[in-house]
Amino acid sequence: MEITFLGTGTGIPQDGRVQSGVLLDTEKNLLLFDCGCGVLGRIYESRHNHKDIDAIILTHLHLDHVGDVLALIKANWLVGRTDMRLYGPQGTREWFEKTLNVYDYLRDKFTVEITELSPGDEFVPQGTEGDCNCTVRCAKTVHTENSLAYRVESNGKTMVYTGDTEPCEEVMELAEDADVLIHECSFPLGFPMTNHTTPDMLTLMMEEYPLTAKKLYLTHLYPHMQGRYREATDHIKKYYKGEVIVAKDLMVVEL
Ligand SMILES: [Zn+2]
Ligand SMILES: [Zn+2]
């Protein structure tokens, strides 16, 4: 399993961080988790090819997580690939249909198979050549009404990706014994916030539900986090024995 952080930023532009996107290479399949603005360019920079992505899996439908979905599907069409499988929370079909309605010239150019997911669902994503070699489990997050986190298992390795959320019991459970937990950490220590995570919100949760994932990567970093990364990892390390790493765009993690 190989993880590439494509975008570790948010809706506010900053140096070196585009919006949300995580690419997972299972050695047979390429799965893209979230696809915010800038992610399509990052796929190119990562030396992967957008047309090789088997499926796109969305945590929620905020613009910084979906902004490049249609751009990616159009890029595929421009190079002759006209199919895609799109997974996401309830509402994904309506969002995609409405988005496509604005671009009538694209309507008949490709086929997008959409699967809407709910907390507790477990599925094998479909790729260009049938079943992918992984299973994906969904859990509820605390962000939008239907937002989801995902746990992916493939070849004995496990990655959990939260998307946007407050720290919550469901995510801690989903991350049980995972090799890697990619948890959002939007704002710095002490920042008053709901629906997102700060280091102290995360450690408060850890006190109640100890984190058993082996490594923790922090992503979805607002510009407010600049200069506060070390403080964040130092704080979390007081409550967590594993490695804590602040993710960067185009960082590659081998499992
Ligand atoms: Zn969001
Ligand atoms: Zn976001």
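Which residues coordinate the zinc ion (ligand 2)? In this predicted model, the donors are Asp64 (OD), His65 (NE2), Asp164 (OD) and His220 (NE2), at 2.1 to 2.2 Å. Along the sequence, these donor residues follow the spacing D-H-x98-D-x55-H.

The geometry of the site can be considered next. The 4 donor atoms subtend angles of 89 to 166° at the zinc ion (ligand 2), and the arrangement is therefore irregular. A tetrahedral assignment would require all angles to lie between 85 and 135 degrees, so the upper value of 166° rules it out. For reference, the ideal angle for four tetrahedral donors is 109.5 degrees.

The site also involves a second metal. Asp164 forms a bridge between the zinc ion (ligand 2) and the zinc ion (ligand 1), and the two ions lie 3.4 Å apart. Among the other donors, Asp64 belongs to helix 2 (residues 63-66), whereas His220 sits in the loop between strand 14 (215-219) and helix 7 (229-237); the pair therefore ties together parts that are 156 residues apart in sequence. Asp64 is buried, with a relative accessible area of 11%, and His220 is likewise buried, at 2%.

Attention now turns to Ile182, a residue of strand 13 (residues 180-184). Ile182 is buried, with a relative accessible area of 0%. Leaving aside neighbours within four places in sequence, Ile182 is in contact with Ile3, Phe5, Val22, Met159, Val160, Tyr161, Thr162, Tyr217 and Thr219. Ala213 is 31 residues from Ile182 in sequence, and their C-alpha atoms are 9.9 Å apart in space.

Methods:
Residues numbered from 1 in each chain as written. Chains lettered and ligands numbered in written order. Predicted model: local features only at pLDDT ≥ 70, side-chain atom pairs only at ≥ 80, totals over all residues. Heavy atoms only, no water. Donors = N, O, S within 2.8 Å, 3.2 Å for Na, K, Ca; no water. Tetrahedral: all angles 85-135°; square planar, octahedral: opposite > 155°, others 65-115°. Helix = DSSP H or I, 4+ residues; strand = E, 2+ residues; numbered from the N terminus. Buried < 20%, exposed > 50% of the residue type's maximum accessible area, 1.4 Å probe, protein only. Contact = heavy atoms within 4.5 Å.
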